Amino acid sequence: ALLRLQLRALLLASEGQPMKIMFPMVADVEEYRRILEVVELEKSHLARRGHQLPSSLMLGVMIEVPSLLWQLDHLLPMVDFASIGSNDLVQFLFASDRGNPRLQGRYDPLSPAALGAMRMIVEKAAQHGTPVTLCGELGGRALEAMGLIGIGLTSISMVPSAVGPVKAMIRSLDRNKLWAFMEPLLKSPLHSIRPELMEFAQRNGVVL
């Protein structure tokens with residue numbers, strides 16, 4: 001009932017303009033199928049009552065529940081766009097509460113496991129022609145943003161104050177060279193490749 005109420009409000013607020021809606025915390029493809037059914041119900045409900053629907057409606061999903069990683073070939077053809085929810089995806093991968101300071105050393109988002117999972121999403125999205133972005137705090141730090149660019153991400157979110165440092169890093173970076181360096185590291189058992197990325201940046205004049 002809450003989902004239907006929120007969708008109805010969004011569709012009404014569009015007033016005939018283009019609209020994009022992204023659904024968070026989707027755990028499997030069947031959940032997304034049910035979401036699509038609810039969207040159609042609400043569109044029909046509003047149309048019958050003479051309300052103006054969005055001129056175009058794009059539906060996407062936030063990939064942040066690890067179970068979706070093994071359903072990407074089924075999910076991505078169904079969505080118009082996707083975003084990687086880096087904060088939650090990483091904490092769920094490592095079964096750690098990211099809000100607990102005592103667990104900060106238990107994992108690093110620049111670990112082979114975390115970056116490998118995000119690389120899998122990027123590769124699958126490219127195969128299916130689905131635009132993918134990254135949402136979360138991770139992209140707002142220059143070294144972390146460098147790692148994300150290395151795995152193939154071309155659209156990342158950040159706070160306005162991070163734009164300058166990240167832009168300087170990107171302008172000094174050879175992405176192909178970085179990926180060639182990172183690819184074997186993602187297959188390693190390292191806890192984190194943070195030191196290796198720092199060394200790469202220093203050797204290759206990357207501004208951090």
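Helix axes are here lines fitted to C-alpha atoms over the stretch in contact, and angles run from 0 to 180 degrees between N-to-C directions. With that in hand, the helix pairs of this predicted model can be taken in turn, after a quick look at the chain as a whole.

The chain holds 9 helices and 4 strands. Read from the N terminus, its elements follow the order α-β-α-β-α-β-α-α-β-α-α-α-α. The C-alpha trace spans about 65 × 35 × 35 Å along its principal axes.

The N-terminal pair is a good place to begin. Helix α1 covers residues 2-14 and helix α2 covers residues 29-48; the two pack with axes 10 Å apart, at an angle of about 55°. Because this angle falls in neither the parallel, the antiparallel nor the perpendicular range, α1 counts as oblique to α2. Their crossing is right-handed. On the α1 side, the contact draws on Leu 3, Arg 4, Leu 7, Arg 8, Leu 11 and Leu 12, which meet Val 38, Val 39, Leu 41, Glu 42, Lys 43, His 45 and Leu 46 of α2. By residue class, this contact comprises 8 nonpolar, 1 polar and 4 charged residues.

Further along the chain, helix α6 (residues 142-150) meets helix α7 (residues 163-171). Their axes come within 9 Å and cross at roughly 45°, and the two helices are therefore oblique to each other. Here too a right-handed crossing is found, with α6 passing α7. Ala 142, Ala 145, Met 146 and Ile 149 are the α6 residues in the contact, and their partners in α7 are Pro 165, Val 166, Met 169 and Ile 170. The makeup of this contact is easily told: 8 nonpolar residues, no polar and no charged.

The pair formed by helix α8 (residues 175-185) and helix α9 (residues 194-203) has its axes 11 Å apart and packs at an angle of about 155°. Since angles over 145 degrees count as roughly antiparallel, α8 is assigned that relation to α9. The crossing of these two helices is right-handed. Lys 177, Leu 178, Phe 181, Met 182 and Leu 185 supply the α8 side of the contact, while Glu 196, Leu 197, Phe 200 and Arg 203 supply the α9 side. The contact residues divide into 6 nonpolar and 3 charged, with no polar ones.

Attention can now turn from packing to open space. The largest pocket encloses about 300 Å³. Its lining is made up of 13 residues, and those that lie nearest the centre are Asn 87, Arg 98, Tyr 107, Pro 109 and Arg 141. Sorted by class, the lining of this pocket has 5 nonpolar, 4 polar and 4 charged residues. For a reader planning to inspect the model, these five central residues, from Asn 87 to Arg 141, mark where the middle of the pocket is to be found.

Technical notes. Residues numbered from 1 in each chain as written. Predicted model: local features only at pLDDT ≥ 70, side-chain atom pairs only at ≥ 80, totals over all residues. Heavy atoms only, no water. 1 Å grid on protein atoms, 1.4 Å probe; cavity = no way out; pocket = protein on both sides within 12 Å on 5 of 7 lines; lining within 4 Å. Points joined across faces, edges and corners; volume = space filled by probe spheres on them. Nonpolar A, V, L, I, M, F, W, Y, C, P; charged D, E, K, R; others polar. Parallel < 35°, antiparallel > 145°, perpendicular 65-115°, else oblique. Left-handed = near helix turned anticlockwise from the far one by under 90°. Contact = heavy atoms within 4.5 Å.
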